[in-house]
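Reader: I would like to learn how to read a structure feature by feature, beginning with a single residue and working outward. Could we take one example and go through it slowly?

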Amino acid sequence: MTRQIAATFDYRCPFARNAHEAIVSAIRTNALPDVEWRFPVFSLDQVHVEEDEPPVWERSPEAWGTGVLALLYGIAVRDNFPDQFPDAHVAFFAARHDQGRKLGHESALRDVVGSVGLDPDAVAEEVWSGRPLKTLAAEHSQAVDEYEAFGVPTLIEGDESVFVRYMERGRVDDLERTIELLGWSRLNEFKRTRLPR
């Protein structure tokens, strides 16, 4: 039986990057053949909006914050160019964390989609259609309202949701261990007080 697991992301989070590189690696190598992955967005900008302020998706683009535009590009690729999504997904994280690119600058995002063989104009047209912004609002709200998500990455399967901080990049074995524990609900929190590094 195929398991359906969602993994939330925001391109600015290094822990999300570690998880999503592992997920993409698992997909590419068929390391977890019984898992079908979904990639809902979760806006870290929205998490920091004050209670009486409008949500980021109801603001003008200059007031979105530094991560929203990248999420819109990710949604546009995921939903309209799914074959290129794994490459673009990893490339968006790399642009932020390896190259230090500013993901709030559209030129950086256009460079990323161009680097994976996509037409930057076609992706930008979808980004500015308004559809990805509605998707962002729906997916972020669902993660918060239904699963009480508060950060990325949050792994979601059925009614279970778990926030995980992966300390190493791209480790499929860490991912495998996590999904083994996903349904084990007798343990709520396991947090190291310090990390030996």
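**Reading the features in turn**

Author: Asn188 lies in the segment after α8, and we can begin there, keeping in mind that this is a predicted model.

Reader: Is Asn188 buried or exposed?

Author: Exposure is read from the relative accessible area, and over 50% counts as exposed. Asn188 has a relative accessible area of 76%, so this residue is exposed. Sequence and space can also be compared here, since Asn188 and Val162 are 26 residues apart in sequence and 8.9 Å apart in space, taken from C-alpha to C-alpha.

Reader: Which residues make the nonpolar surface patch?

Author: Leu181, Trp184, Leu187 and Phe190 make a nonpolar patch of about 430 Å² on the surface. Phe190, one of these residues, lies in the segment after α8, and because its relative accessibility is 64%, Phe190 counts as exposed.

Reader: How should I read the packing of two helices, and at what angle do α3 and α5 pack?

Author: The angle is taken between N-to-C directions, and angles under 35 degrees count as roughly parallel, whereas those over 145 count as roughly antiparallel. Helix α3, residues 68-80, packs against helix α5, residues 106-115, at an angle of about 25°, with the axes 10 Å apart. That makes α3 roughly parallel to α5, and the crossing of this pair is right-handed.

Reader: At what angle do α1 and α4 cross?

Author: Helix α1, residues 14-29, and helix α4, residues 85-97, cross at roughly 150°, and their axes come within 10 Å. The two helices are therefore roughly antiparallel to each other, and α1 passes α4 in a left-handed crossing.

Reader: Which salt bridge is formed by Asp87, and what does it tie together?

Author: A salt bridge is read from the distance between a side-chain nitrogen of Lys or Arg and a carboxyl oxygen of Asp or Glu, with a cut-off of 4 Å. Asp87 forms such a bridge with Arg28, and the closest N and O atoms are 2.3 Å apart. Because Asp87 lies in helix α4 and Arg28 in helix α1, the pair ties together parts that are 59 residues apart in sequence. Asp121 forms a salt bridge with Arg110, where the closest N and O atoms are 2.4 Å apart. Here Asp121 lies in helix α6, residues 120-127, and Arg110 in helix α5, so this pair ties together parts that are 11 residues apart in sequence. Asp121 counts as partly exposed at 47% relative accessibility, and Arg110 is partly exposed with a relative accessible area of 27%.

Reader: How many salt bridges are counted by this rule, and which residues are linked in a network?

Author: The count comes to 15 salt bridges, and a network of them links Arg17, Glu21, Asp98 and Arg169.

Reader: Where might the backbone itself deserve a second look?

Author: Most residues other than glycine have a negative phi, and most peptide bonds are trans. Asn30 has a positive phi, near 55°, and is placed in the loop between α1 and β2. Glu148 also has a positive phi, near 55°, and is placed in the loop between α7 and β3. The peptide bond from Val152 to Pro153 is cis, with omega near -5°, and Pro153 lies in the loop between α7 and β3.

Methods:
Residues are numbered from 1 along each chain as its sequence is written. This is a predicted model: local features need pLDDT of at least 70, side-chain atom pairs count only at pLDDT 80 or more; totals for chains, interfaces and linings use all residues. Side-chain values use heavy atoms; hydrogens and water are left out. Patches are made of residues with over 30% relative accessible area and no salt bridge: like charges are joined within 9 Å, nonpolar side chains (Val, Leu, Ile, Met, Phe, Trp, Tyr) within 5 Å. Accessible areas come from the Shrake-Rupley method with a 1.4 Å probe; for residues, only the protein chains shown count as cover. Helices (H or I, at least four residues) and strands (E, at least two) are DSSP runs, numbered from the N terminus. Buried means under 20% relative accessible area, exposed over 50%, partly exposed in between (1.4 Å probe, protein chains only). Axes are lines fitted to C-alpha atoms, for helices over the stretch in contact, and angles run from 0 to 180 degrees between N-to-C directions. Angles under 35 degrees count as roughly parallel, over 145 as roughly antiparallel, 65 to 115 as roughly perpendicular and the rest as oblique. A crossing is left-handed if the near helix is turned anticlockwise from the far one by less than a right angle, and right-handed if clockwise.
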